[in-house]
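Grab a coffee and work through a few short exercises on the model shown here. Try each task before you read its solution.

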Amino acid sequence: MLRATGIHKTYRLDRVEVKVLRGASLAVEEAEFVVIMGASGSGKSTLLHILGALDTPDRGGVEFKGRELFGAATGNAARERYRNREVGFVFQFYHLLPELSVLENVMIPGLVTHPFWSWRRSRGRVRQDATQLLERVGLSHRIAHRPNELSGGERQRVAIARALMNRPTLLLADEPTGNLDETIGAEILKLLAELNQAGQTIVMVTHDPKVASHAHRQVRLADGVVRASETAGPRPSAPRATRRVAP
Amino acid sequence: MAGVALGNDASGARPGAFARAATRGYNPGMYKWFLAWRYLHTKLIAFFGIASVMLCVAMVLVVMSVMGGFLDTIRARSRGLHSEIVLEAGSLQGFPYYEEFARYASAQLPQVVRLTTPVVYSYGILRVPATTETKPVRVLGIRLGEYVQVNDFRKGLYYERFYPGTTHLAPQPLPVGGFDENGAGRLPPDLEAANARWRESESDREAVEEYLRNPFEKAPRPYVTPAVPGDRVFAVDVGGPHYAEPENYGVIVGCDVLFERRADGNFDRHLCRGADLALTLMPLSQAGNPTGEPPVKLPLRYADDSRSGIYEIDSLCVYVDADMLQHQLAMDAQPLVDGGFTRPRVNQLLIGLQPGVELNAARDAIDAVWLRFLGTLGETVSEADERLLGFVRVYSWEDLQRPFIAAVEKEKVLVTILFALISVVAIALVGCIFYMIVEKKTRDIGILKALGASGRGVAGLFIAYAAAVGICGALLGTALGCVFVWNINDIQDFLAALNPALRVWSPEVYTFDKIPEVVKRADAAWIASIAVLASMIGSLIPARVAARVWPVQALRYE
Ligand SMILES: Nc1ncnc2c1ncn2[C@@H]1O[C@H](COP(=O)(O)OP(=O)(O)OP(=O)(O)O)[C@@H](O)[C@H]1O
Ligand SMILES: [Mg+2]
């Protein structure tokens with residue numbers, strides 16, 4: 001479903017070149033749970049950003065369902081659409097909008113999707129979806145709160161709910177437990193595992209081996225290339241017909 | 001197809017949907033309106049933007065309204081000052097053949113000319129024998145009955161309002177009031193009757209009540225000045241109301257010539273109606289030389305005072321009967337040494353137009369008729385008369401008042417530009433405020449972009465935000481400006497009560513009693529929409545910065 005091949009990414013700081021990715025390749029199948037491991041600074045976040053079209057590679061390509069994301073024929077609009085509809089991104093630092101309530105934060109991807117003129121029609125559904133998702137992540141009682149009134153674990157669950165808002169094909173999570181203590185982190189992981197059980201494709205970055213054990217497949221990023229690791233769990237027998245998460 | 005479809009969401013990878021997205025940008029986003037609205041009422045900084053827009057809008061609106069009102073009043077008053085068309089002699093000697101021309105023009109242009117009336121003018125010295133006060137004045141000889149039909153002169157007459165039909169310029173005695181059995185002042189019967197007519201027809205009931213509370217101040221004979229100066233003053237004497245001889249020609253005096261204007265816009269009249277006045281005149285010969293006769297000294301009666309609203313006129317002009325003045329100035333037919341007579345002369349011929357006639361067209365038509373009229377005179381005209389006729393020009397009231405109006409117009413433009421410049425500061429301020437917001441919100445912009453918002457969409461968010469700030473500021477500013485303008489005289493009175501030095505608008509200096517307090521809708525709409533536009537322009541650069549935020553850069557760190 002998602003295929004990154006020969007990704008190169010170099011950062012130039014003054015005259016120093018940091019070659020972060022040097023031909024990294026990764027393929028993700030539908031309903032898979034892939035974990036990317038690697039030392040700090042090895043380029044895990046960089047790779048994930050490229051997979052989510054938040055950043056562009058210097059060389060190499062990413063194919064999503066057979067379409068090239070960074071090809072000459074693909075415009076910004078297509079990448080924006082991809083970010084909005086196909087990918088849900090969970091950040092290490094939650095990145096919620098402080099002025100909005102929990103519910104509104106979850107609704108934002110829907111607000112990006114739906115135009116002003118049809119909003120009256122779509123509002124009910126978006127709101128309902130967001131409420132159900134918050135129920136799903138166990139936060140239905142904090143709907144009206146502001147992000148700064150929540151704990152780190154709760155914020156991350158809001159961020160996950162937001163990532164799932166537009167029923168994305170792919171969930172990308174960059175160290176979602178990195179800022180949380182072990183028990184809260186375990187809860188988040190349990191939530192992700194359940195989502196995956198329900199058919200959600202997930203790519204997650206972590207450098208915690210215990211966290212990684214939840215995945216079907218682990219890959220290791222080192223020296224700018226992806227190396228396969230041992231499979232941690234059973235591979236999904238067959239791609240499910242649905243990628244939808246039953247709330 | 002230009003690109004490839006990446007979606008298989010509920011709407012499906014419809015062919016064409018992608019191409020549309022590629023050309024228009026994936027930019028539908030309700031979020032910008034939602035967030036613009038949210039930022040508007042949660043961010044304190046927005047209130048600074050709103051406040052600055054508001055103050056600018058209010059300021060410009062106040063200035064435009066006051067200056068515009070000023071201008072409109074001047075226009076309206078100028079219009080009613082002379083008459084629509086004026087045939088002006090261009091010299092103090094005046095011009096002959098005015099009656100002939102009046103007949104000729106009426107016959108030639110019956111659908112244009114409604115009425116003509118001659119005016120004689122000169123300069124003289126007005127003296128108040130009772131107080132030995134003297135004033136240089138411009139003396140206008142008018143036919144009152146016709147004069148009030150070509151302009152608004154009647155509206156400005158004071159006693160004529162309370163005693164309609166009693167003001168005239170013909171020889172008149174001094175009205176003397178008496179007292180009834182209760183000790184209340186009584187005027188001669190015709191004045192009382194006129195006043196009763198006024199009380200019947202007056203729509204301003206307050207003015208009637210005010211009159212009934214204090215009909216007039218009393219100046220005991222033989223003096224003509226009352227103990228307390230007041231609005232209406234009559235001579236009183238024991239015995240019944242009556243008229244006292246001798247009969248003298250009446251004079252209408254410009255209100256600022258003799259009387260002091262009070263802060264409330266009314267006047268302190270310290271002379272009774274009908275008081276003796278004396279006017280000294282210097283007749284000129286046809287060639288413009290003094291005739292050699294001693295100056296003419298005319299005894300007159302103060303019949304009324306007039307107020308045009310233009311200080312230069314009200315502080316200078318007195319009005320007497322045209323034929324009397326013409327005679328006194330030796331501008332009527334004078335015997336010549338070789339037999340025969342000179343032609344009577346006047347200084348102006350005022351022409352009132354038929355309703356609906358276009359002013360400039362009428363002026364041009366009358367100008368043409370004037371030239372034709374000169375042609376009909378032929379050889380009969382004496383050389384001196386011919387010279388005088390050569391000076392005559394045809395003006396419309398706009399021509400006459402143009403220099404004055406143009407000056408105020410320029411002033412208005414100047415002040416408006418000045419304040420518009422100040423408003424540029426407001427644009428800059430909105431720009432700064434938005435720049436700060438964008439800086440502070442870089443991370444949020446990155447988040448929105450990571451969730452699929454386009455650069456244009458984010459820019460749109462900030463422009464919508466600025467528009468919202470502009471609209472709020474413009475609405476509040478319009479409200480503030482309107483309230484200020486509507487109450488500007490009260491505000492000024494309040495300030496003046498605190499400290500007289502704070503009285504900016506002094507009715508003694510300006511020609512208007514009150515600061516104009518009308519806001520024109522068109523002005524308000526213009527200013528408000530320009531303010532909204534200006535705030536949006538102010539937000540353009542910050543919006544551009546926001547559009548260029550690169551999601552990863554904004555999101556990498558906490
Ligand atoms: N914008 C940038 N400019 C310069 N260097 C950068 C930039 N972004 C990332 N890098 C560098 O690229 C390298 C990879 O960064 P990246 O964040 O992908 O690592 P990571 O594997 O996610 O590390 P961590 O586990 O600490 O999150 C780092 O050395 C980092 O300094
Ligand atoms: Mg990282």
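The exercises below look at a ligand site and at a pair of helices in this predicted model.

**Exercise 1.** Work out which residues come nearest to ligand 1, and which chains surround the ligand.

*Solution.* Start with the shell: 15 residues sit around ligand 1, and A:S40, A:K44, A:S45, A:T46 and B:R556 come nearest. Now look at the chain letters. Residues from chains A and B surround ligand 1, so the site is shared between chains.

**Exercise 2.** Find polar partners for the oxygen atoms of ligand 1, then say how much of the ligand the protein buries.

*Solution.* Go for the backbone to begin with: a polar backbone atom of A:G43 is 3.0 Å from a ligand oxygen, and one of A:S42 is 3.2 Å from a ligand oxygen. Next, try side chains: an N or O atom of A:E175 lies 3.3 Å from an oxygen of ligand 1. As for burial, ligand 1 taken alone exposes 630 Å², and the protein buries 75% of that.

**Exercise 3.** Sort the shell around ligand 1 by element and by residue class.

*Solution.* Strand 1 (2-13) and helix 1 (44-51) of chain A each give two or more residues. Helix 1 of chain A has the largest share, with 3 residues. By class, you get 4 nonpolar, 8 polar and 3 charged residues.

**Exercise 4.** Describe how helix 7 and helix 8 of chain B pack.

*Solution.* Geometry comes before residues here. Helix 7 (189-201) and helix 8 (205-213) of chain B pack at about 145°, with axes 9 Å apart. On the helix 7 side, the contacting residues include B:W198 and B:R199; on the helix 8 side, B:Y211 and B:L212 are among them. This contact has 5 nonpolar, 1 polar and 3 charged residues.

Methods: Residues are numbered from 1 along each chain as its sequence is written. Chains are lettered from A and ligands numbered from 1 in the order in which they are written. This is a predicted model: local features need pLDDT of at least 70, side-chain atom pairs count only at pLDDT 80 or more; totals for chains, interfaces and linings use all residues. Side-chain values use heavy atoms; hydrogens and water are left out. A residue is near a molecule or strand if one of its heavy atoms lies within 4 Å of it. A polar contact is a pair of N or O atoms within 3.5 Å; within protein, one must be able to donate a hydrogen and the other to accept it, and residues adjacent in sequence count only if both atoms are side-chain atoms. Accessible areas come from the Shrake-Rupley method with a 1.4 Å probe; for residues, only the protein chains shown count as cover. Helices (H or I, at least four residues) and strands (E, at least two) are DSSP runs, numbered from the N terminus. Ala, Val, Leu, Ile, Met, Phe, Trp, Tyr, Cys and Pro count as nonpolar, Asp, Glu, Lys and Arg as charged, and the others, Gly among them, as polar. Axes are lines fitted to C-alpha atoms, for helices over the stretch in contact, and angles run from 0 to 180 degrees between N-to-C directions. Contact means heavy atoms within 4.5 Å.
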